Every structure is written in structure tokens, then in C-alpha cells.
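Visitor: I would like a close look at one part of this protein: its helix packing and the nonpolar core that goes with it. Please take me through it step by step.

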Amino acid sequence: MPDNSSESAPSPFASLILGGGCFWCTEAAYRMVPGVIEVVSGYAGGEGPPNYEAVCSGTTGHAEVVRVDFDPSVVTPAALLDLFWKIHDPTTLNRQGADVGTQYRSTIMVTDDDQRAEAEASLERAKSEWGDRIETEISDFEKFHVAEDYHQRYYERNPEAGFCQMVIRPKLDKVQQQLANH
């Protein structure tokens with residue numbers, strides 16, 4: 001007899017919500033990682049339904065984040081979190097380079113106690129490089145809002161743009177080096 005229940009099988013994939021400044025940079029970096037299924041740019045951590053202009057005003061409390069969907073049988077949460085510390089500067093409060101404001105804060109938003117433990121362990125490992133200067137917040141995840149279409153796969157669609165060449169490309173070179181070393 002067929003099972004007509006509405007419950008679906010658990011997904012074999014997992015997700016992390018990470019904010020490392022501009023989501024264009026973070027998205028492009030994680031797209032390079034084997035085992036990452038999808039990376040979606042969005043907003044989280046604030047009030048109300050956001051849009052880019054409102055988030056950039058700094059009045060919503062949202063951060064630019066990415067949702068990294070991955071296959072944990074290929075890449076571990078620990079490996080993805082360890083990469084997080086390499087692709088942005090976690091020591092600057094509410095700032096990444098020329099981007100300033102709470103929307104550019106360094107954040108790991110966790111969905112459960114296991115993710116919190118993974119994030120805290122990763123933070124401890126990152127202290128070997130960054131010391132006690134880390135300003136990254138680890139907070140409870142509440143809701144992810146997908147960013148506007150023109151933000152998705154931004155680097156992939158605009159590789160010759162000035163921002164992509166000057167800011168994103170050097171980060172991708174670092175990611176490529178990190179991946180080659182592991």
C-alpha cells in the first residue's frame with residue numbers, strides 16, 4: 001500500500017547563514033567549494049520585510065548574509081566555517097573595507113545547539129590567527145529573506161565590473177589557494 005502521508009523525507013543537505021560583509025563577496029567565495037549545492041544572497045537579523053535600499057539605510061537591523069546549502073557528506077560545517085574566517089576581516093565591527101554599517105557586520109546565525117557548538121568551536125580555532133580581536137557575532141537565526149534577483153550570482157554575471165575585479169577577485173584567489181591546500 002503506498003504511503004500517502006504529507007511528510008517528506010529529511011533533506012540530505014544542510015545550511016549555514018553567514019554574514020561576512022557584502023554578500024556578493026561571500027556568495028562568490030562559497031560557490032567555489034566542492035559540496036556546496038547552492039548559495040543564496042539575502043538579509044537576516046532585522047525587523048520587517050527588507051529590501052536593499054532599506055537595509056543599506058541601516059534602519060532595519062538586517063545584515064547582508066548568504067545561505068550556504070551544502071552536502072555534509074562532501075563538506076563539513078566545520079570546513080565551511082573555517083573558510084568563513086579566511087574570506088573576510090572578522091575584526092572590524094560593522095565594516096568590511098569601504099562598506100560601513102550594521103548591515104555589513106560579521107555574523108554566524110545558528111539554527112540549533114549543534115550549529116552553535118560548531119560556530120563557537122570555529123571561533124576558537126580562528127583565534128589562532130585573529131586573537132581576541134574578533135568582532136563576529138554568533139546569534140540565533142530567525143528568518144532569511146532572499147535578496148533581489150540582481151544580487152544573486154552577482155560576480156558570475158559581472159566578473160569584469162570594477163568592484164568584482166578590485167574586491168571580489170582577490171578574495172576568490174585566497175579561496176582557491178585555501179582549497180588547494182586542503
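Guide: What follows goes through the core, two helix pairs and then some single residues. Keep in mind that this is a predicted model.

Start with the core. The largest nonpolar core holds 38 residues. Leu-18, Tyr-30, Val-68, Leu-80, Trp-85, Ile-108 and Ile-168 touch the most other members. Helix H1, residues 23-30, gives the largest share of this core, 6 residues. In soluble globular proteins, nonpolar side chains tend to be buried together.

Now take Tyr-30. Leaving out residues up to four places away in sequence, Tyr-30 touches Leu-18, Val-36, Val-39 and Val-68, among others. Its contacts also include Leu-80, Leu-83, Phe-84 and Ile-87. A separate core of 7 residues lies apart from the largest one. Ile-17, Ala-44, Met-109 and Phe-144 are among its members.

Next, the helix pairs. Two packed helices are described by the angle between their axes and the distance between the axes.

The pair H1 and H6 comes up here. Helix H6 spans residues 162-180. H1 and H6 pack at an angle of about 35 degrees, and their axes are 9 Å apart. Their crossing is right-handed. On the H1 side, the contact is made by Trp-24, Cys-25, Ala-28 and Ala-29. On the H6 side, Phe-163, Val-167, Ile-168, Lys-171, Leu-172 and Val-175 take part. By class, the contact of H1 with H6 has 9 nonpolar residues, no polar ones and 1 charged. Ile-168 also appears among the residues that touch the most other members of the largest core.

Stay on H6 for one more residue. Lys-174 sits in this helix. Lys-174 counts as partly exposed, because its relative accessibility is 47%. Lys-174 and Phe-163 are 11 residues apart along the chain, and their C-alpha atoms are separated by 16 Å.

The other pair is H3 and H4. Helix H3 covers residues 77-84, and helix H4 covers residues 113-130. They pack at an angle of about 45 degrees, with axes 9 Å apart. H3 and H4 are therefore oblique to each other. H3 passes H4 in a right-handed crossing. From H3, Pro-77, Ala-78, Leu-81 and Asp-82 make the contact. From H4, the partners are Glu-118, Ala-119, Ser-122 and Arg-125. This contact of H3 with H4 divides into 4 nonpolar, 1 polar and 3 charged residues.

Finally, the loops. Asn-94 lies in the loop between H3 and strand S4, residues 95-96. Asn-94 is not a glycine, although its phi is positive, at about 55 degrees. With a relative accessible area of 22%, Asn-94 is partly exposed.

Arg-153 lies in the loop between S8 and H5. Arg-153 has a positive phi of about 55 degrees, and it is not a glycine either. Its relative accessibility is 31%, so Arg-153 counts as partly exposed.

Tyr-150 is in the loop between strand S8, residues 144-146, and helix H5, residues 154-157. At a relative accessible area of 41%, Tyr-150 is partly exposed. Leaving out residues up to four places away in sequence, Tyr-150 touches Tyr-52, Glu-53 and Arg-157. The C-alpha atoms of Tyr-150 and Ser-41 are separated by 10.0 Å, and these residues are 109 apart along the chain.

Key: Residues numbered from 1 in each chain as written. Predicted model: local features only at pLDDT ≥ 70, side-chain atom pairs only at ≥ 80, totals over all residues. Heavy atoms only, no water. Axes fitted to C-alpha atoms, helices over the stretch in contact; angles between N-to-C directions. Helix = DSSP H or I, 4+ residues; strand = E, 2+ residues; numbered from the N terminus. Parallel < 35°, antiparallel > 145°, perpendicular 65-115°, else oblique. Left-handed = near helix turned anticlockwise from the far one by under 90°. Contact = heavy atoms within 4.5 Å. Nonpolar A, V, L, I, M, F, W, Y, C, P; charged D, E, K, R; others polar. Core = buried A, V, L, I, M, F, W, Y, C linked by side-chain atoms within 4.5 Å. Buried < 20%, exposed > 50% of the residue type's maximum accessible area, 1.4 Å probe, protein only.
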